[in-house]
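Okay, hi everyone, thanks for coming. I'll walk through one structure today, so please pull it up and follow along with me.

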Amino acid sequence: MKGIRFFRTIQMKLIIIYVLLILFAMQLIGTYFIKATETSFMNNFTESLNYQAMLLSDLVKPVLLDNQENTDSGTKPEDGKTISDRLNQTVNNWYKVSNVEIQIINSSGTVVSASEQYPRSILGQKNTQQVVSRALQNIKDKDNERVLTDVDGKRKKAIAMPITEENKVIGAVYIVASMEDIFDTTNRINQIFISGILIALAMTALLGVILAHTITSPIKEITKQVSSVARGNFDQQVKVWSHDEIGQLSRAFNDMTNRLKEALAINEEEKEKLASVLTSMSDGVVATDEWDRVIVINRRAREMLNLDDQETDGRDLFDLLGMPKQLALSGASGEEVTNLIEIYPQDAEESRKVRATFTPIHSREKGTTGTIVVLHDVTEQEELEQSRREFVANVSHELRTPLTTIKSYLEALDDGAIDDPQLGRRFVGVTRNESERMIRLVTDLLHLSRLDSKQAMLKKEQVSVTEMLDEVADRFSFQLRQRSIAIQIIIGEGTSPILLDRDKIDQVLDNLVSNAIKYTADGGQIRIIADRTPNEMLEIKIADNGIGIPKKDLARIFERFYRVDKARSRNMGGTGLGLSIAREIIKAHGGYITIESDYNEGTTVTFTLPYMEEGSGAKHDGKS
């Protein structure tokens, strides 16, 4: 991969282009030069053969003429030599000088003389070569030349030259010469040229590397600085190697880096200010792009929506809020919108009420480019307001019922019922019971008020757990016998006296045992279990096998004035504040209270009290 990337660099591209241009130019010049040289050699060679053939034809012409005259007259030559001897002498002398194969052919196409390399048997035979036939026909053109290849693979050129006398062909000269010397010379020239090309290419490559380096070194320096800037390093500067275009680019880049560094520093400072503001805000803030994808979200918004950092990147705003866009914006668009919405955070058991303000982000060119959402959690305020409304309604209802009853009976007494002693006493008794009911209600409210405001002082003393629970059973013994309900008290071995406010804990126990008796059928069973836990807490359980509490009501059982069966609870004289008071008393002691129940199977109420508190002494049995 590194090799592939190297060939993609500008430096390598410049070298390759430079070398290829030189190679192309030299190849073009070399091809032309070699072709021209080869053509020149061949033309010179052909002209030389033609010239030799012409000279030789002039030499053998008289001999052929003498041979023809003697043949016509029947006389012999003066020197006594035959025509063949004279021709052979001329041909062999010429062969020794020019080293070409020669045949002398008469007008009938018969070989009358041949150079030494031909066998003697060729004399008297006809030469059937086309070039010879054309020459004997006195045709002089390119077809009188022919390239041959002998059995040894050597290339030769043959030329036939007619011998004429007064435009009459009396014979022909047939010359064959080897062209190997020409081709050897051409090959040597090619080798020299190729060697020159290789040397030139090597020099060109070296010069290309040097030239490309001078061009690409500043570019590499700029590229390195660009990568450094991309990583956030603005301290380095590009070296200016020259005053040409690349040097101007280097100076411009350095100036751009400085300006970018200053701009980013200002931007980072503003970003840190904005981040500090967003982090310190008590309201949640979410910013989205034009497609409602979250781009910025502060810590408070994450807490409200129960989100991690990775869960918000690119998420849809209304997907995070868990509601459709139309419902969240209530149909408005393009303007600031404030709505009270209910969101359901991820993995949260309960929903939250949030006052959300949607403010669009406008751009002159693109219009609306995003939205800023401010989330103000009003869950507690709404719950407090709802609790206040319910509390006022419940108190009004609880007070109105006995007041209405008292008013009705007083009016009846005023209308004459007081004159009937038996009826009057019964009406006065009802009035007294309703008055006591109102007093209990007001007393419980005052008690709760003091506990809420931390004004209720705890008068703690060392108390024996066994004695305290036995006295509770004694207080309810009459009701238990009356309804045949068995009560069992179980004390663990590790239980010892504990420091607590006896009156308030008795109030808690009385309330819990009273509830157990109320909601347990005749012949049922109640168990009171006390034990010491490993974390130094006194744990007391009041368990019954009564009617139990439905699962849907368990979460609200400690709310003030909340009743599972309102009609039955009111008939039994309850105010709906007993469990609320019990929870506040246990919390004031530093403990906690829980309730477990299965409908129609029974209920178990458990509360704990700490054994050790700061400033308390050692625990021991007996009263203090």
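Let's start with a pair of helices. Helix α5 covers residues 180–230 and helix α6 covers residues 245–280, and the two pack at an angle of about 10° with their axes 10 Å apart. That angle makes α5 roughly parallel to α6. If you want to find the contact on your screen, look on α5 for I215, P218, I219, I222, Q225, V226 and V229, which meet I246, L249, S250, F253, T257 and L260 of α6. Sort those residues by class and you get 10 nonpolar, 3 polar and no charged ones.

Before I go further, a word on what we're looking at: this is a predicted model. Its mean pLDDT is 77, with 82% of the residues at 70 or more. There is a stretch to be careful with, though. Over residues 614–624 the pLDDT stays under 50, and the model has 18 contacts there beyond four places in sequence. Low pLDDT means the predicted coordinates should not be read in detail.

Okay, sheets next. In what order do the strands of the open sheet with β1 in it run? The order is β2-β1-β5-β4-β3, so go by the picture and not by the numbering: 5 strands, with antiparallel pairing. At the edges sit β2 (111–114) and β3 (145–149), each pairing on one side only. From one strand to the next, the twist averages 25°. Zoom in on β4 (residues 155–165) and β5 (residues 168–178): they run antiparallel and 10 bridges join them. For a landmark there, A158 stands opposite V176 in β5.

Now scroll along to another open sheet. This one has 5 strands in the order β7-β6-β10-β9-β8, and its pairing is antiparallel. Here the edge strands are β7 (294–297) and β8 (337–343), and each of them pairs on one side only. The twist averages 25° from one strand to the next. Take β6, residues 284–289: it pairs with β7 in the antiparallel sense over 3 bridges. The landmark for this sheet is A287, which stands opposite V296 in β7.

Back to helices, and this time we'll follow α14 through two contacts. Start with its contact with α12. Helix α12 (residues 465–475) and helix α14 (residues 502–518) have axes that come within 10 Å and cross at roughly 45°. That makes α12 oblique to α14. The crossing of these two is right-handed. On the α12 side, the contact is made by E467, M468, L469, E471, V472 and R475, and on the α14 side by R502, I505, D506, L509, D510 and V513. What classes do those residues divide into? It's 6 nonpolar, no polar and 6 charged.

The other partner is helix α17, residues 578–588. It packs with α14 at an angle of about 145°, with the axes 9 Å apart. This crossing is left-handed. From α14 you have K504, I505, Q507, V508, N511, L512 and N515, and they meet G578, L579, I581, A582, I585 and I586 in α17. By class, that contact divides into 8 nonpolar, 4 polar and 1 charged. Keep an eye on I505, by the way: it appears in the contact with α12 and in the contact with α17.

Last stop, a couple of loops. Most residues other than glycine have a negative phi. Now look at S484, in the loop between α13 (477–482) and β12 (486–491). S484 is not a glycine, and yet its phi is positive, about 55°. Which residues does S484 contact, leaving aside its neighbours within four places in sequence? Those are G523 and G524. And while you're there, find Q525: it sits 41 residues from S484 along the chain, but their C-alpha atoms are separated by 8.8 Å.

The other loop to visit is the one between β14 (525–532) and β15 (537–544), where you'll find E536. E536 has a positive phi too, about 60°, although it is not a glycine.

That's the tour. Happy to go back to any of those views if you'd like another look.

Conventions: Residues are numbered from 1 along each chain as its sequence is written. This is a predicted model: local features need pLDDT of at least 70, side-chain atom pairs count only at pLDDT 80 or more; totals for chains, interfaces and linings use all residues. Side-chain values use heavy atoms; hydrogens and water are left out. Axes are lines fitted to C-alpha atoms, for helices over the stretch in contact, and angles run from 0 to 180 degrees between N-to-C directions. Helices (H or I, at least four residues) and strands (E, at least two) are DSSP runs, numbered from the N terminus. Angles under 35 degrees count as roughly parallel, over 145 as roughly antiparallel, 65 to 115 as roughly perpendicular and the rest as oblique. A crossing is left-handed if the near helix is turned anticlockwise from the far one by less than a right angle, and right-handed if clockwise. Contact means heavy atoms within 4.5 Å. Ala, Val, Leu, Ile, Met, Phe, Trp, Tyr, Cys and Pro count as nonpolar, Asp, Glu, Lys and Arg as charged, and the others, Gly among them, as polar. Two strands pair if DSSP finds at least two bridges between them. pLDDT is the predictor's confidence in each residue, from 0 to 100.
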